[in-house]
Amino acid sequence: MVAIHTLRLPRGLAHLRDHLHRAADNTVIRLSEANGRTMGNRYQHLEAAYAENQEVQAVLGLIRARQIELPVAIIRQADRVGALIYGLLRADLRVDIG
């Protein structure tokens with residue numbers, strides 16, 4: 001597994017690196033906040049985690065658009081985390097609907 005925080009970017013992209021780190025950290029924090037919660041409150045934290053992961057993916061896309069090579073593992077990992085959170089959201093929806 002490759003950690004986003006070990007990613008090196010060229011000079012001039014500190015703003016993207018900082019945003020990437022914040023969004024990745026917030027994804028983990030929101031998932032942690034969802035843990036142990038129930039129903040609506042849990043769903044809100046999962047939605048926020050999903051949104052943060054979408055930001056991670058968007059920043060990775062911006063970096064790639066600048067023709068900067070990224071390890072494939074980082075892209076796959078961000079996609080996988082997003083898919084897992086999406087699955088949790090769908091599962092929570094089914095529980096609420098009953």
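Buried means under 20% relative accessible area, exposed over 50%, and partly exposed in between; the legends below use these words for a predicted model.

**View 1. Asn26 on helix 1.** Asn26 lies in helix 1, and because its relative accessibility is 30%, between the two cut-offs, Asn26 counts as partly exposed. Measured in sequence, Asn26 and Leu60 are 34 residues apart, while in space their C-alpha atoms are separated by 16 Å.**View 2. Helix 1 from end to end.** Helix 1 covers residues 14–34, and its 21 residues reach 30 Å from the first C-alpha to the last, close to the 30 Å expected at 1.5 Å a residue. The buried residues of helix 1 are Leu16, Leu20, His21, Ala23, Ala24, Thr27 and Ala34. An α-helix has 3.6 residues a turn, so residues three or four places apart point the same way. After helix 1 comes Gly36, whose phi is positive, near 85°. Among the elements of the protein chain, helix 1 has the highest mean pLDDT, 95, and helix 3 the lowest, 88.

**View 3. The largest nonpolar core.** This core has 17 residues, and those with the most contacts inside it are Ile4, Leu7, Leu20, Val56, Leu60, Ile63 and Leu70. Helix 1, helix 2 and helix 3 each supply at least two residues of the core. Around Val56, when residues up to four places away in sequence are not counted, the residues touched are Ile4, Leu20, Ala23, Ala24, Thr27 and Ala78. Of these, Leu20, Ala23, Ala24 and Thr27 are also listed among the buried residues of helix 1. In soluble globular proteins, nonpolar side chains tend to be buried together.

**View 4. A second core.** Separate from the largest core is a second one of 6 residues, including Ala34, Leu46, Ala49 and Leu89. Ala34 is one of the buried residues of helix 1.

**View 5. The aromatic pair of Tyr50 and Tyr86.** The model has 1 aromatic pair. The ring centres of Tyr50 and Tyr86 lie 6.1 Å apart and the ring planes meet at 45°, so the pair is tilted. Tyr50 belongs to helix 2 (residues 39–65) and Tyr86 to helix 3 (residues 72–97), so the pair ties together parts that are 36 residues apart in sequence. Tyr50 counts as partly exposed at 25% relative accessibility, and Tyr86 is likewise partly exposed, with a relative accessible area of 42%.

**View 6. Gln67 in the loop between helix 2 and helix 3.** Gln67 is found in the loop that joins these two helices in sequence. The phi of Gln67 is near 65°, a positive value in a residue other than glycine. With a relative accessible area of 69%, Gln67 is exposed.

**View 7. The whole chain, for orientation.** The protein chain holds 3 helices and 0 strands, and from the N terminus on its elements run α-α-α. The C-alpha atoms fill a box of roughly 50 × 20 × 20 Å, taken along the principal axes. Buried residues make up 32% of the 98 residues, and the chain exposes about 6,400 Å², of which carbon and sulfur atoms supply 53%. Of the contacts with a separation of 6 or more, 66% are between residues 24 or more positions apart. The mean pLDDT of this predicted chain is 90, and 91% of its residues reach 70 or more.

Definitions and conventions:
Residues are numbered from 1 along each chain as its sequence is written. This is a predicted model: local features need pLDDT of at least 70, side-chain atom pairs count only at pLDDT 80 or more; totals for chains, interfaces and linings use all residues. Side-chain values use heavy atoms; hydrogens and water are left out. Helices (H or I, at least four residues) and strands (E, at least two) are DSSP runs, numbered from the N terminus. The expected span of a helix is 1.5 Å times one less than its number of residues. Buried means under 20% relative accessible area, exposed over 50%, partly exposed in between (1.4 Å probe, protein chains only). Rings of Phe, Tyr and Trp (its six-membered ring) pair if their centres lie within 6.5 Å; planes under 30 degrees apart count as stacked, over 60 as edge-to-face and the rest as tilted. A nonpolar core is a set of buried Ala, Val, Leu, Ile, Met, Phe, Trp, Tyr and Cys residues joined through side-chain atoms within 4.5 Å. Contact means heavy atoms within 4.5 Å. Accessible areas come from the Shrake-Rupley method with a 1.4 Å probe; for residues, only the protein chains shown count as cover. pLDDT is the predictor's confidence in each residue, from 0 to 100.
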